[in-house]
Amino acid sequence: MIRKLAIAAAFMSFAGAASAEDCAAITVEDSFDLTDDHVTALYECLGAQMAEGYASQGDAIAAEYRNWTPTQTLGAVAGAHGKRVLFTYANDVAAEQYLKFEDEGVEMPVGSVLAKESISISIKKQKARPGPLFLMTKVGLDEAPDTKGWLYGGIQPNGKPMKVKQSFCHDCHIAWESQDALAYPVEEYRVSQ
Ligand code: HEC
């Protein structure tokens with residue numbers, strides 16, 4: 001509780017916010033300038049609303065993923081995915097292998113799902129808001145021969161499915177071919193085993 005208050009206080013002075021409605025205000029000029037305290041405060045502000053939004057149209061994964069294994073200690077900006085703040089959860093099938101963060105010969109089991117929630121940062125509007133929930137599901141080579149057995153998907157912040165072009169996602173993810181197309185969270189925020 002004390003920690004939460006300290007973070008809230010730090011954020012208030014940083015953003016110059018006077019009320020709860022302003023808690024998503026940001027003043028940085030680049031998402032990479034967000035500090036850990038800023039990111040923590042953004043989750044305090046938007047975290048619950050974000051998960052409710054994803055789940056609001058009845059999607060089963062959206063309703064479940066927050067009970068899965070968190071793969072990082074705090075949301076982080078990787079650069080890809082529109083410089084959003086990103087946080088990945090792994091389902092039970094995926095967690096053991098994913099959390100090794102191996103870089104060679106990785107082969108995720110069929111049934112693995114990675115769900116990555118995101119916070120979009122608008123520098124122009126000086127505001128943060130929930131971004132999409134990005135999904136990767138291992139369905140196997142028979143079903144997805146062109147994308148190494150992965151099905152890419154997403155849920156919009158309003159709970160509706162995102163239209164996703166498989167090649168758009170995979171053409172970037174295949175850069176991590178030896179990691180079974182997984183890019184993993186920013187290194188310093190990965191949970192240790
Ligand atoms: C320009 C490159 C790029 C594109 C395009 C891209 N991603 Fe990613 N993706 C990344 C990077 C880099 C990460 C790891 C960064 C992080 O999560 O902090 C990542 C992580 C992920 C993860 C977490 C699993 C992992 O790889 O560790 C999911 C799920 C995901 N992306 C889904 C998608 C979907 C769905 C699309 C298409 C709508 C997509 N990605 C398009 C680069 C990309």
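Here is a short chat between a learner and a teacher about a ligand, its pocket and a salt bridge in this predicted model.

Q: Where does the ligand sit?

A: Start with the general idea: rolling a probe the size of a water molecule over the atoms shows where empty space is left. In this model, the ligand sits in the largest pocket. That pocket holds about 690 Å³ of space.

Q: Which residues line the largest pocket?

A: There are 31 lining residues, and Ala80, His81, Leu86, Lys116 and His173 lie nearest the pocket's centre. E3, E4, E6, E7 and H5 are the elements that each give two or more residues to this lining. H5 gives the most, with four residues.

Q: How do the lining residues of the largest pocket divide into nonpolar, polar and charged?

A: You'll find 21 nonpolar, six polar and four charged residues in the lining.

Q: Okay, now the ligand itself. How many residues surround the ligand, and which are the closest?

A: Look for residues with a heavy atom within 4 Å of the ligand. Here 23 residues do the surrounding, and His81, Tyr98, Cys169, Cys172 and His173 are the closest. This shell splits into 18 nonpolar residues, four polar ones and one charged one.

Q: Which element supplies the largest share of that shell?

A: That's H5, with four residues. Helix H5 covers 166–173, and strands E3 (85–90), E4 (113–122), E6 (133–138) and E7 (150–155) also supply at least two shell residues each.

Q: What touches the ligand's nitrogen and oxygen atoms?

A: Check for pairs of N or O atoms within 3.5 Å. His81 has a polar side-chain atom 2.7 Å from a ligand nitrogen atom. In the side chain of His173, an N or O atom is 2.8 Å from a nitrogen atom of the ligand. Ala183 uses its backbone instead: an N or O atom there lies 2.8 Å from a ligand oxygen atom.

Q: Last one: how many salt bridges are there?

A: Generally, side chains of opposite charge can pair when their charged atoms come close. The count here is five. One of them joins the side chains of Asp30 and Lys83, at 3.0 Å from N to O. This pair links distant parts of the chain, 53 residues apart: Asp30 is in the loop between helices H1 and H2, while Lys83 is in the loop between strands E2 and E3.

Notes: Residues numbered from 1 in each chain as written. Predicted model: local features only at pLDDT ≥ 70, side-chain atom pairs only at ≥ 80, totals over all residues. Heavy atoms only, no water. Polar contact = N/O pair within 3.5 Å; in protein donor to acceptor, adjacent residues only side chain to side chain. 1 Å grid on protein atoms, 1.4 Å probe; cavity = no way out; pocket = protein on both sides within 12 Å on 5 of 7 lines; lining within 4 Å. Sits in = over half its atoms within 2 Å of the grid points. Nonpolar A, V, L, I, M, F, W, Y, C, P; charged D, E, K, R; others polar. Points joined across faces, edges and corners; volume = space filled by probe spheres on them. Salt bridge = Lys/Arg side-chain N within 4 Å of Asp/Glu carboxyl O.
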